[in-house]
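Reader: I am in my first year and still learning to read structures of this kind. Could you take me closely through one part, the salt bridges, and then show me what lies around them?

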Amino acid sequence: MDLQDFLLRARVLKLYRQALRISARAPPSAKDELRRTIRQEMQTNRDCKDKQRIRYLISDGMERLKRLDEMLDMQGH
């Protein structure tokens, strides 16, 4: 594992932790399903070795997380 791999891995883990923190604010009825979805997304892309694709997935995940955070803010959660 080189430095670039290490940094990408750190970014992925940071995104995962942020997603779990934000999912904790979700309504109780949706919280479990949201966490399952987050975990499933991570598992689906776990074996990806293409650094360009990993960067894209991180960027996409951050954008989706931002939208979720804004939606929960609007709902007062």
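Author: What follows looks at the salt bridges one pair at a time and then turns to the nonpolar core.

This is a predicted model, in which local features need pLDDT of at least 70 and side-chain atom pairs count only at pLDDT 80 or more, while totals for chains, interfaces and linings use all residues. Residues are numbered from 1 along each chain as its sequence is written, and side-chain values use heavy atoms, with hydrogens and water left out.

The structure holds six salt bridges, a salt bridge being a side-chain nitrogen of Lys or Arg within 4 Å of a carboxyl oxygen of Asp or Glu. One of them joins the side chains of K51 and D2, with 3.6 Å from N to O. Because K51 lies in helix α3 (residues 51-75) and D2 in the segment before α1 (3-23), this pair ties together parts that are 49 residues apart in sequence. The helices here are DSSP runs of H or I with at least four residues, numbered from the N terminus, whereas strands would be runs of E with at least two.

K51 also forms a salt bridge with D5, where the closest N and O atoms are 3.2 Å apart. This pair, too, links distant parts of the chain, with K51 in helix α3 and D5 in helix α1, 46 residues apart. As for accessibility, K51 is partly exposed at a relative accessible area of 24%, D2 is partly exposed at 37%, and D5 is partly exposed at 27%; buried means under 20% relative accessible area, exposed over 50%, and partly exposed in between, with a 1.4 Å probe and protein chains only.

A further salt bridge is formed by R25 and D73, whose closest N and O atoms are 2.6 Å apart. Here R25 sits in the loop between α1 and α2 (28-44) and D73 in helix α3, so that distant parts of the chain, 48 residues apart, are linked. R25 is partly exposed at 26%, and D73 is partly exposed at 49%. Returning to the earlier pairs, salt bridges that share partners join D2, D5 and K51 into one network.

Turning to the core, the largest nonpolar core has eight residues in all, namely L15, A19, I22, A26, I38, L65, L68 and L72; such a core is a set of buried Ala, Val, Leu, Ile, Met, Phe, Trp, Tyr and Cys residues joined through side-chain atoms within 4.5 Å. To this core α1 and α3 each supply at least two residues.
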